[in-house]
Amino acid sequence: VVIIVILIIVAAILGAVPIKLIESIVNIAVQRDEVNRIKTVVLLGSLYILTFIAWSIVRYHLKHLSDKLEVWIGHFIRTRLFNHLTNVKPKFFNKRSGDIVADVIKDTEVTTTQFLQPVVFIADSIVQFAIGLWLMLTID
């Protein structure tokens with residue numbers, strides 16, 4: 001979970017840093033001083049591309065780890081529920097029709113997929129918005 005939080009913050013920073021890079025490119029491009037202007041613009045443009053590549057890699061790892069966490073949480077919940085079902089008195093099963101284990105598996109899959117993905121998405125959106133807003137407010 002800590003790694004996912006760190007990846008969310010890093011992804012938000014890498015997603016928002018291009019705003020400052022574009023600001024620097026524009027500021028350098030409009031300067032009257034022609035010395036090393038092209039080299040600096042090319043360097044900042046290259047840094048912009050590298051930032052985008054790094055952002056893509058971090059986003060991939062964030063998705064991969066959140067999917068792994070989702071599977072782990074689902075397995076943990078199913079294991080706990082199955083252990084609970086094995087300790088339930090047999091009278092409970094006489095009153096209940098249908099396959100309880102199938103219902104438990106289906107419900108845990110829905111619970112994990114419907115809970116974790118939105119939480120990661122909302123956390124990512126909030127952090128990226130905050131960092132992006134801060135960077136935009138500091139543009140000169």
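Helices here are DSSP runs of H or I with at least four residues, numbered from the N terminus. With that convention in place, the tour of this predicted model can begin.

**The whole chain**

Display the C-alpha trace first. Along its principal axes, the trace spans about 85 × 25 × 20 Å. The radius of gyration of the chain is 25 Å, whereas a compact globule of 140 residues would have a value near 14 Å. Colour next by secondary structure: four helices and zero strands appear, and the order along the sequence reads α-α-α-α.

Switch to a surface representation. The accessible surface of the chain amounts to about 10,200 Å², and carbon and sulfur atoms account for 71% of that area. Of the 140 residues in the chain, 22% are buried. A contact map adds a further view: among contacts between residues at least 6 apart in sequence, 79% join residues at least 24 apart.

**The largest pocket**

Select Arg59, Leu62, Lys63, Ser66, Asp67, Glu70, Leu116, Gln117, Val120, Phe121 and Asp124, which line the largest pocket. The space inside this pocket is about 210 Å³. Which helices each supply at least two residues of the lining? They are helix H2, residues 37-86, and helix H4, residues 100-137. H2 provides the largest share, with six residues. Recolour the selection by residue class, and the lining separates into five charged, four nonpolar and two polar residues.

**Helix H1 against its neighbours in space**

Move to helix H1, which covers residues 2-29, and select Leu7, a residue of this helix. Is Leu7 buried or exposed? Its relative accessible area is 15%, so Leu7 counts as buried, the cut-off being under 20%. Show the side chains around Leu7: beyond residues up to four places away in sequence, Leu7 touches Val58, His61, Leu62 and Leu65. Leu62 in this set is also one of the residues lining the largest pocket. For a distance in the viewer, pick the C-alpha atoms of Leu7 and Lys63; they are separated by 9.6 Å, although the two residues are 56 apart along the chain. Lys63, too, belongs to the lining of the largest pocket.

Continue along H1 to Leu14, which lies in the helix as well. Apart from its neighbours within four places in sequence, Leu14 is in contact with Thr51, Ala54, Trp55 and Val58. Val58 is also among the residues touched by Leu7. Then draw the C-alpha to C-alpha line from Leu14 to Gly132: the residues are 118 apart in sequence and 10.0 Å apart in space.

**Two stops on helix H4**

Select Thr108, which is located in helix H4. Because its relative accessibility is 2%, Thr108 counts as buried. Which residues surround Thr108 once its neighbours within four places in sequence are left aside? Its contacts are Ile77, Arg78 and Leu81.

The last selection is Val119, also in helix H4. Val119 is partly exposed, because its relative accessible area is 39% and that class lies between 20% and 50%. Finally, connect the C-alpha atoms of Val119 and Gly45: a separation of 74 residues in sequence corresponds here to 34 Å in space.

Methods:
Residues numbered from 1 in each chain as written. Predicted model: local features only at pLDDT ≥ 70, side-chain atom pairs only at ≥ 80, totals over all residues. Heavy atoms only, no water. 1 Å grid on protein atoms, 1.4 Å probe; cavity = no way out; pocket = protein on both sides within 12 Å on 5 of 7 lines; lining within 4 Å. Points joined across faces, edges and corners; volume = space filled by probe spheres on them. Nonpolar A, V, L, I, M, F, W, Y, C, P; charged D, E, K, R; others polar. Buried < 20%, exposed > 50% of the residue type's maximum accessible area, 1.4 Å probe, protein only. Contact = heavy atoms within 4.5 Å. Rg over C-alpha atoms; globule rule 2.2 N^0.38 Å. Areas by Shrake-Rupley, 256 points an atom, 1.4 Å probe, with all protein chains shown as cover.
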